[in-house]
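Visitor: Before we start, please show me the sequence and the model.
Guide: Here they are; ask about helix packing and internal space as you like.

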Amino acid sequence: MSLVWEASAERVHFPPADGNKRTDVLIIGGGIAGLLCAHRLKGAGVDCMLVEADEICGGITKNTTAKITLSHGLIYRDLIRRFGEDKARIYAASQIKAAKAYAALCRGIDCDYETRDSYVYSLRDRKKIEEEVAALNRLGVKAELSDASELPMRVAGAVRVRDQAQFHPLKFLYAIAGDLPIHERTRVVELKPNRAVTNRGEIAYNSLIVATHFPMLNKHGSYFLKLYQHRSYVLALRGAQIPDGMYVDEADTGLSFRAWDDLLLLGGGGHRTGKQGGCWQELETFAAEHYPGAEITDRWATQDCMTLDGMPYIGRYARFTPHLFVATGFNKWGMTQAMAAADILCDLVQGKENPCAALFSPSRSILRPQLAVNAMESLAGLLTPTVPRCPHLGCALKYNRAEHSWDCPCHGSRFTENGELLDNPATDDGKI
């Protein structure tokens, strides 16, 4: 698979962390969340170090469609119902603050940053759209109804929020990474109290931030129950109608649209990892019908950690881990959520209060309907009497014919046909 972001950015390189080292704050994971945490901490004068098992931005981050927006589906009407208007307003404020932080940083970086209107559309349910517009306006966010006329199909309606943004994620991240204390090719193989054992030596730390997409520690936080993973697919099309706005379907399995350069980035075909879905074939069928003659120049897939209640887990890893922190569960909206995570964790590791910390706390209630679904999927995976099995917690793997991989429906680990690890939470290769 080729990716437009990798082909159009000049990557940067960092040495491994050979020998024993010490830092105040150790960050594990060189994706967007880890890099933004390192950037914020260094800017605050905090001694920090980031280690990445492979290369920075080599995992999920390079697969994003890079929309910077507070429009995370039809989330605000649900947040008001579940948590009340005050907490929904805090969530919206965190995303607005994140978007402003990007705008400020991108002024000095050549990363194709562009202001765009954001649209969340529904194919059939206009009432949902009207309720979301009303919810956003109640929270002080200007939103309006739209017919999303740029799209090649008819929709029931769309929520339009003006002046959001899109950018080139790797150009941005390589730029801010340049002067950060980063070590690539440094895999953490064991965590001990205030020490991380790596394949290169040991790193002593006072505080630890786990930014590894799916958290790597099983003994704290119950993330194997609180998270599941969802795969989505993208085609880059040349010769298709280029939209001016950014579009996403309110349905989890719907389509998304955004432009980059002369390409249309068409996303969709999604499914829970380890399950069946439309994959690229669904996108190819849609493109053939609505963009006849368009050329497919690139294709890729991505994977997102989904939480029980639609909000990320950012903060203390568990209730009784005062110096261990996590950022995960971005629910497909990693751009603003990663920036929000950097803001929150930079404060928490310094012992400061943050107005969003309680809302995003990983120790909040897990009594949500999705918990039962996750538990049943895990039980089914454990009881399925087949091989191969995932080395994470022993669930049966399912073969993904679209990507020629073995995927875990329990927690989302993925492996090549030869058993090489592709995606965590597993930390070891599988026996295929």
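Visitor: In which hand does α2 pass α9, right-handed or left-handed?
Guide: This is a predicted model, and the two helices concerned are α2, residues 32-43, and α9, residues 334-349. Their axes come within 8 Å. The crossing of α2 past α9 is right-handed.

Visitor: Which term describes α2 relative to α9, oblique or roughly perpendicular?
Guide: The axes of α2 and α9 cross at roughly 40°. Roughly perpendicular would need 65 to 115 degrees, and roughly parallel an angle under 35. The crossing angle therefore makes α2, relative to α9, oblique.

Visitor: How many nonpolar residues does the contact of α2 with α9 have?
Guide: From α2 come Ile32, Ala33, Leu36, Cys37, Arg40 and Leu41. They meet residues of α9 including Met335, Ala338, Ala342, Leu345 and Val349. By class, one residue in this contact is polar and two are charged, while the nonpolar ones number 13.

Visitor: How is α4 placed relative to α9, oblique or roughly perpendicular?
Guide: Helix α4 covers residues 85-106, and its axis comes within 8 Å of that of α9. The two axes cross at roughly 95°. An angle of 65 to 115 degrees counts as roughly perpendicular. So α4 is, relative to α9, roughly perpendicular.

Visitor: How many charged residues does the contact of α4 with α9 have?
Guide: On the α4 side the contact includes Tyr91, Lys97, Ala98 and Leu105. On the α9 side, Met335, Thr336, Gln337, Met339, Ala340 and Asp343 take part. Eight of the residues in contact are nonpolar and four are polar, and the charged ones number two.

Visitor: How many polar residues does the contact of α3 with α5 have?
Guide: The axes of α3 (residues 76-83) and α5 (residues 126-138) come within 7 Å and cross at roughly 70°, which means α3 is roughly perpendicular to α5. Tyr76, Arg77, Ile80 and Arg81 of α3 touch Lys128, Glu131, Glu132, Ala135, Leu136 and Arg138 of α5. The classes are four nonpolar and six charged, and the number of polar residues is none.

Visitor: How many nonpolar residues are in the lining of the largest cavity?
Guide: A search of the whole structure finds one cavity of 30 Å³ or more, and the largest cavity holds about 30 Å³ of space. Its lining consists of Glu150, Leu151, Pro152, Gln241, Pro243, Phe257 and Tyr291. One lining residue is polar and one is charged, and the nonpolar count is five.

Note on methods:
Residues are numbered from 1 along each chain as its sequence is written. This is a predicted model: local features need pLDDT of at least 70, side-chain atom pairs count only at pLDDT 80 or more; totals for chains, interfaces and linings use all residues. Side-chain values use heavy atoms; hydrogens and water are left out. Axes are lines fitted to C-alpha atoms, for helices over the stretch in contact, and angles run from 0 to 180 degrees between N-to-C directions. Helices (H or I, at least four residues) and strands (E, at least two) are DSSP runs, numbered from the N terminus. Angles under 35 degrees count as roughly parallel, over 145 as roughly antiparallel, 65 to 115 as roughly perpendicular and the rest as oblique. A crossing is left-handed if the near helix is turned anticlockwise from the far one by less than a right angle, and right-handed if clockwise. Contact means heavy atoms within 4.5 Å. Ala, Val, Leu, Ile, Met, Phe, Trp, Tyr, Cys and Pro count as nonpolar, Asp, Glu, Lys and Arg as charged, and the others, Gly among them, as polar. On a 1 Å grid over the protein atoms alone, a cavity is a set of points where a 1.4 Å probe fits but cannot get out, and a pocket is an open set with protein on both sides within 12 Å along at least five of seven lines; lining residues have an atom within 4 Å of a point. Grid points are joined across faces, edges and corners, and a volume is the space filled by probe spheres set on the points.
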